[in-house]
Amino acid sequence: MNCISVATTGPATRVAAEIFRETGKSENAFTTNAVIETILSRSAAKYYDPTATLSDDQIRDLVRIGTSAPTSFHLQNWRFIAVRSQEAKARLRPIAWNQPAITDAAATFIIIGRLADASTVPARLAPVVEAGIMPANLVPEWEIPARGLYDDQPQRQRDEAVRSATFGTAAIIYAARSLGLGSTPMIGFDSEAVHREFGLAEEEVPVMLLTVGPERAGNWPQKPRIPVADVLEFA
């Protein structure tokens, strides 16, 4: 996949100008760049090229980028199933509200969050210690508060699974956009059926689906958002 070049006079620049007109700030106070352009030009894709495919390496790259997102205590409590074979798509579509994007998109990721488990902290931090980033004596200082936060706290464990999976999904969405691919996060699916059909473990939560692939004509640009003034409060 090749990165697309993004002009500094595109939609994001116009959105930035609107933001600063709204707040009375100079447009020069906001320096746009390719990352900001990618974020502000993203929209949910409904129509995909059904003939397009993604290679193993392209899918691995997207997930690698997704797993660079933050997680509590470096738990990395997520997993991703790339549904791309016709057989797997045929299994997923009926339990995902029969949405055409499931079979049209090059791949649909089942985004899985794992219940936060503080006992995994030492194993997750071992490579960090080996890389010389963290001294080994700090590991218990991470594990102990993690246990205090999550042990015997099922709702908090689940909340963390959803948070981690969502952060990872967002990273994939923007990476896909930067590479010229469309994407759409979906919550329209039968969670229990997905759990059963794709063999998820007891501690795994199917948080959302994410279709990814080259688009075809007909998709809308990003829809206008409510003003920042309506959602921002300074304290």
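The following paragraphs describe three helix pairings and one pocket in a predicted model.

Helix H8, spanning residues 154-178, packs against helix H3, which comprises residues 56-66. The two axes lie 7 Å apart and form an angle of about 130°. This angle makes H3 oblique to H8. The crossing of H3 over H8 is right-handed. On the H3 side, the contact involves Leu62, Val63, Ile65 and Gly66, and these residues meet Gly168, Ala171, Ile172, Ala175 and Ala176 of H8. Classified by side-chain character, the contact of H3 with H8 consists of seven nonpolar and two polar residues, with no charged residue.

Helix H8 also packs against helix H2, which covers residues 34-41. Here the axes come within 9 Å and cross at roughly 105°. H2 and H8 are therefore roughly perpendicular to each other, since angles of 65 to 115 degrees are assigned to that category. Thr38, Ile39 and Ser41 of H2 meet Tyr174, Arg177 and Ser178 of H8. The contact of H2 with H8 contains two nonpolar residues, three polar residues and one charged residue.

A further pairing joins helix H6 (residues 121-130) and helix H7 (residues 139-150), whose axes come within 10 Å and cross at roughly 155°. H6 is therefore roughly antiparallel to H7, as the category applies to angles over 145 degrees. The H6 and H7 crossing is right-handed. Helix H6 contributes Val121, Pro122, Leu125 and Val129 to the contact, while helix H7 contributes Val139, Trp142, Glu143 and Ala146. By class, the contact of H6 with H7 comprises seven nonpolar residues and one charged residue, with no polar residue.

Attention now turns to the pocket. The second largest pocket of the model has a volume of about 200 Å³. Its lining is formed by Ala44, Ala45, Lys46, Tyr47, Gln99, Pro100, Ala101, Asp104, Thr184, Met186 and Arg216. Two or more residues of this lining are given by each of two elements, helix H5 (101-104) and strand E3 (182-186). In terms of residue class, the lining of the second largest pocket includes six nonpolar, two polar and three charged residues.

How values were computed: Residues numbered from 1 in each chain as written. Predicted model: local features only at pLDDT ≥ 70, side-chain atom pairs only at ≥ 80, totals over all residues. Heavy atoms only, no water. Axes fitted to C-alpha atoms, helices over the stretch in contact; angles between N-to-C directions. Helix = DSSP H or I, 4+ residues; strand = E, 2+ residues; numbered from the N terminus. Parallel < 35°, antiparallel > 145°, perpendicular 65-115°, else oblique. Left-handed = near helix turned anticlockwise from the far one by under 90°. Contact = heavy atoms within 4.5 Å. Nonpolar A, V, L, I, M, F, W, Y, C, P; charged D, E, K, R; others polar. 1 Å grid on protein atoms, 1.4 Å probe; cavity = no way out; pocket = protein on both sides within 12 Å on 5 of 7 lines; lining within 4 Å. Points joined across faces, edges and corners; volume = space filled by probe spheres on them.
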